[in-house]
Amino acid sequence: MEILNSKIFGENLSSTPLLVFHGLFGMLDNWGSFGKDLGEFLPVHLIDLRNHGRSFHSENMSHDDLADDIANYMDHYGMEKAFVLGHSLGGKAVMQFAIKYPEKVEKLIVVDISPKAYPPHHQGIIKALETVDFNTVGSRSEVEAVLSQYIPERSTIQFLTKNLYWDENKKLNWRFNLKTLSEKYNEFVSNAIKYGVFDGETLFIAGEKSNYILPQDHFAIKQQFPKAQFVIIKNAAHWVQADNPVDFMTVVKDFLQIH
């Protein structure tokens, strides 16, 4: 059984650990400063989802697979219970995990995603990523030039190119498993999480400028997460923790009662 790759802050602290999961095409490094700051109060595990970062690659990518990965990770580290936080795709993973393994979740934080199915909306990014030919590009700037033909937002390009690395053949490559993420895209984006109920304390954090969690989603969310609370972070779009890290941190600390 393969265990997800992680970076741990505050591992000598004895309080309940917090597990943090990034979104699609992301990696644990996206949460570095958050993990470091919060790691002064409790153990924080920043974790690469399967097919992302330095975690293992697999042909399977369902919400159930992602939930089982979290359970295996906790068993590997001997954790009985944890606080669990997920952003976007990571949010779907932690919702499925909380429903499937409620006894392992102390509190659940879901960042800017709801349990519903979303229409496919990353086709442009996937097309751009698939257009990069690592046999012909030899530098980060050349990769950026290819991506910029398809992706207008500089911030998105910078986010994606954080995943570049030099492989054992001295060639640039993506850390994420583009093949599986492209092939299984509909399975994890255009599917709702499975029906079930998590009765524990749950916080949904939305970005003020994001449309991923709409007011009309609240009713359906409460069907599966009856104790759900909702917070909107000002001046933040989908990348809530990056757009307004101060308010985001305050909300998380309040919910976890860390002071």
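This section describes a central strand, one helix and four loop residues in a predicted model. Residues are numbered from 1 along each chain as its sequence is written, and side-chain values use heavy atoms, without hydrogens or water. Local features need pLDDT of at least 70 and side-chain atom pairs count only at pLDDT 80 or more, whereas totals for chains, interfaces and linings use all residues.

A UniProt record (unreviewed entry) places the feature "domain: AB hydrolase-1" at residues 17-120. UniProt positions are given in the numbering used here, feature names are shortened, and annotations may be inferred rather than shown by experiment. The span is 32% helix and 20% strand. Its end C-alpha atoms lie 34 Å apart. Helices (H or I, at least four residues) and strands (E, at least two) are DSSP runs, numbered from the N terminus.

Strand β4 covers residues 82-87, and 6 of its 6 residues are buried. Buried means under 20% relative accessible area, exposed over 50%, and partly exposed in between (1.4 Å probe, protein chains only). In a regular strand the side chains alternate between the two faces of the sheet. Both faces of β4 are covered. Ala82, Val84 and Gly86 are buried on one side, and Phe83, Leu85 and His87 on the other.

Strand β4 has pairing partners in β2 and β5. Two strands pair if DSSP finds at least two bridges between them. Strand β2 (residues 18-21) runs parallel to β4 and is joined to it by 4 bridges. Here Phe21 stands opposite Gly86. The pairing of β4 with β5 is also parallel and has 6 bridges. Phe83 stands opposite Lys107 in β5. From β4 the chain crosses through α3 to β5, in a right-handed β-α-β crossover. Right-handed means that, with the strands pointing away from the viewer, the path from the first strand over the helix to the second runs clockwise.

Lys104 lies in the loop between α3 (89-100) and β5 (105-111). Lys104 counts as buried because its relative accessibility is 11%. Its side chain makes a polar contact with the side chain of Asp75, at 2.7 Å. A polar contact is a pair of N or O atoms within 3.5 Å; within protein, one must be able to donate a hydrogen and the other to accept it, and residues adjacent in sequence count only if both atoms are side-chain atoms. Leaving aside neighbours within four places in sequence, Lys104 is in contact (heavy atoms within 4.5 Å) with residues including Ala71, Met74, Glu80 and Phe97. Ala82 of β4 is also among these contacts.

Helix α4 (residues 123-131) has buried residues Ile125, Ile126, Ala128 and Leu129. They lie on the same side of α4, because they cover an arc of only 160° around the axis. The arc is that of the directions from the helix axis to the C-beta atoms. The buried residues of α4 pack against α5 (140-148), α6 (154-161), β7 (172-174), α7 (178-183) and α8 (185-188).

Phe25 sits in the loop between β2 and α1 (32-38). Its relative accessibility is 3%, so Phe25 counts as buried. Beyond four places in sequence, Phe25 is in contact with Ile125, Ile126 and Leu129, among others including His52 and Phe159. The C-alpha atoms of Phe25 and Thr161 are separated by 9.8 Å, although these residues are 136 residues apart along the chain.

Two loop residues other than glycine have positive phi values. Phi of Asp112 is near 50°. Asp112 lies between β5 and α4 and is buried, with a relative accessible area of 0%. Phi of Lys170 is near 60°. Lys170 lies between β6 (164-166) and β7 and counts as exposed, at 71% relative accessibility.
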